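This report looks at one residue's exposure, at a pair of strands and at the pockets of a model.

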Amino acid sequence: MNTVTLSSDYQIIFPKEMGKSIGLVAGTTFEVLSYKNRIELIPIKPMKNLKGIFKGIDTSIIREDDRL
């Protein structure tokens with residue numbers, strides 16, 4: 001199990017291997033969520049990284065003639 005320690009400035013450093021395994025780089029911004037007795041860090045990815053993630057899905061819409 002990986003463990004981290006909270007500093008007096010409320011900072012943590014998590015293991016480098018863990019960050020590399022999910023593609024984090026220095027300067028990554030996170031959304032911080034608190035749920036009951038747990039803290040979750042969600043990396044915020046730029047919108048341009050989402051381009052093309054739904055390849056192969058038909059996004060065409062069949063419209064009625066009066067809606068063209």
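Lys-20 is exposed, with a relative accessible area of 59%, where exposed means over 50% relative accessible area, buried under 20% and partly exposed in between, with a 1.4 Å probe and protein chains only. Lys-20 belongs to helix H1 (residues 16-21), and its C-alpha lies 23 Å from that of Arg-38, the two being 18 residues apart in sequence.

The model is predicted, so that local features need pLDDT of at least 70 and side-chain atom pairs count only at pLDDT 80 or more, while totals for chains, interfaces and linings use all residues. Residues are numbered from 1 along each chain as its sequence is written, and side-chain values use heavy atoms, without hydrogens and water.

Helices (H or I, at least four residues) and strands (E, at least two) are DSSP runs numbered from the N terminus, and two strands pair if DSSP finds at least two bridges between them. Strand E1 (residues 30-35) pairs with strand E2 (residues 38-43) in the antiparallel sense over six bridges, and Phe-30 stands opposite Pro-43 in E2. Two residues separate E1 and E2 in this hairpin, and Lys-36 in the turn has a positive phi of about 50°.

A pocket is an open set of points on a 1 Å grid over the protein atoms alone, where a 1.4 Å probe fits, with protein on both sides within 12 Å along at least five of seven lines; lining residues have an atom within 4 Å of a point.

| Pocket | Volume | Lining residues, among them |
|---|---|---|
| Largest | About 220 Å³ | Tyr-10, Ile-39, Glu-40 |
| Second largest | About 170 Å³ | Met-18, Phe-30, Pro-43 |

Terms used. Grid points are joined across faces, edges and corners, and a volume is the space filled by probe spheres set on the points.
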